[in-house]
Amino acid sequence: MHGGGAIAGSIDGHDPALRALANRTGWLVAAHAYRLAPEHPFPAQLDDGWTALTALSARADALAIDPSRMVVSGDSIGGTLATALAARAVAENGPPLHGQILLYPNTDLRRGANYPSRKSEDGNIIDADSLERQIDLYLASDADRANPRVSPILADDLATLPPTMLVTCESDPLRDEGEAYGQRLREVGVAVDHHRIDGMIHAVLQMGGHTVATSRLLDRIAAWLEKR
């Protein structure tokens, strides 16, 4: 599921990165054009992800998918939606998932969430005011910010989530909330492979033409998937 704050982003914008991901890993990569806010506020994005996930599972034979090895993934808000999908799959007896790949996800959308990186890295791609504005456009009400499917770090039970690859970036305002989510997963026994990319900013997946860090990230994802 692509990033963009749930108000922007597209399959076209992510296409080069997703093709590179498929080429590097050898896995089928499925992406869908979920509805965007503010015209379609939460939970439209999660519902569209659910529709795509269940449709892929239902058509596994026709698409040559091994339904026992499906992994959800996403970058930025897409990572938030991916882990919400994983939780929904457990809660609603959906497709059994073999893992989740979360690239620099938002995990705490509460207003004024207090993480040091929100201040120390403010303005690196994301600034505090723009982040709050995006969230306001994404959600129908302020109360939604505390919904665990919006802010997954607030979920009561994370123990049923699948093995997780978590990537954070050193110079990213979202770094600390992503790492706090990884710690919560570890505390309840979920296997977490966490990698912080030193010196890198948010959205590194889409920077393949500018930095070798993207290629190294793809290698790391491929190695993680190889173990699945």
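**Pockets, rings and salt bridges: how the labels are earned**

Mentor: The largest pocket holds about 860 Å³ of space. Keep in mind that this is a predicted model.

Trainee: Which residues lie nearest the centre of the largest pocket?

Mentor: Leu28, Val29, Ala30, Val71 and Ser73, out of 35 lining residues. Strand 1 gives the largest share of that lining, five residues.

Trainee: What makes Ser73 polar and Leu28 nonpolar?

Mentor: Leu is on the nonpolar list, while Ser is on neither the nonpolar nor the charged list, so Ser counts as polar. Sorted that way, the lining of the largest pocket comes to 24 nonpolar, eight polar and three charged residues.

Trainee: And how does the lining of the second largest pocket divide?

Mentor: Into 11 nonpolar, 11 polar and two charged. That pocket has a volume of about 320 Å³, and helix 5 supplies the largest share of its lining, five residues.

Trainee: Why are Phe42 and Tyr138 called an edge-to-face pair?

Mentor: Their ring centres are 6.0 Å apart and the cut-off for pairing is 6.5 Å, so they pair; the planes are at 80°, over the 60 degrees needed, so the pair is edge-to-face. A search of the whole structure finds one aromatic pair. Phe42 sits in the loop between helix 1 and helix 2, Tyr138 in helix 5, 96 residues apart.

Trainee: Are those two residues buried or exposed?

Mentor: Buried means under 20% relative accessible area; Phe42 has 9%, so it passes. Tyr138 has 2%, so Tyr138 is buried as well.

Trainee: How do you know that the charge of Arg228 sits over the ring of Trp224?

Mentor: The charged end of Arg228 is 4.3 Å from the ring centre, and the distance limit is 6 Å. There is an angle condition too, within 35 degrees of the ring normal, and the contact is listed as sitting over the ring.

Trainee: What makes Arg111 and Asp136 a salt bridge?

Mentor: Their N to O distance is 2.8 Å, and the limit is 4 Å, so the pair qualifies. Asp142 also bridges to Arg111, at 2.6 Å, and Asp136 to Arg145, at 3.0 Å. Arg111, Glu132, Asp136, Asp142 and Arg145 are linked in a network of salt bridges.

Trainee: Why is Arg111 called partly exposed, and Arg145 buried?

Mentor: Arg111 has 44%, which falls between 20% and 50%, so it is partly exposed. Arg145 has 2%, under the 20% cut-off, so it is buried.

Terms used:
Residues are numbered from 1 along each chain as its sequence is written. This is a predicted model: local features need pLDDT of at least 70, side-chain atom pairs count only at pLDDT 80 or more; totals for chains, interfaces and linings use all residues. Side-chain values use heavy atoms; hydrogens and water are left out. Rings of Phe, Tyr and Trp (its six-membered ring) pair if their centres lie within 6.5 Å; planes under 30 degrees apart count as stacked, over 60 as edge-to-face and the rest as tilted. Helices (H or I, at least four residues) and strands (E, at least two) are DSSP runs, numbered from the N terminus. Buried means under 20% relative accessible area, exposed over 50%, partly exposed in between (1.4 Å probe, protein chains only). On a 1 Å grid over the protein atoms alone, a cavity is a set of points where a 1.4 Å probe fits but cannot get out, and a pocket is an open set with protein on both sides within 12 Å along at least five of seven lines; lining residues have an atom within 4 Å of a point. Grid points are joined across faces, edges and corners, and a volume is the space filled by probe spheres set on the points. A salt bridge is a side-chain nitrogen of Lys or Arg within 4 Å of a carboxyl oxygen of Asp or Glu.
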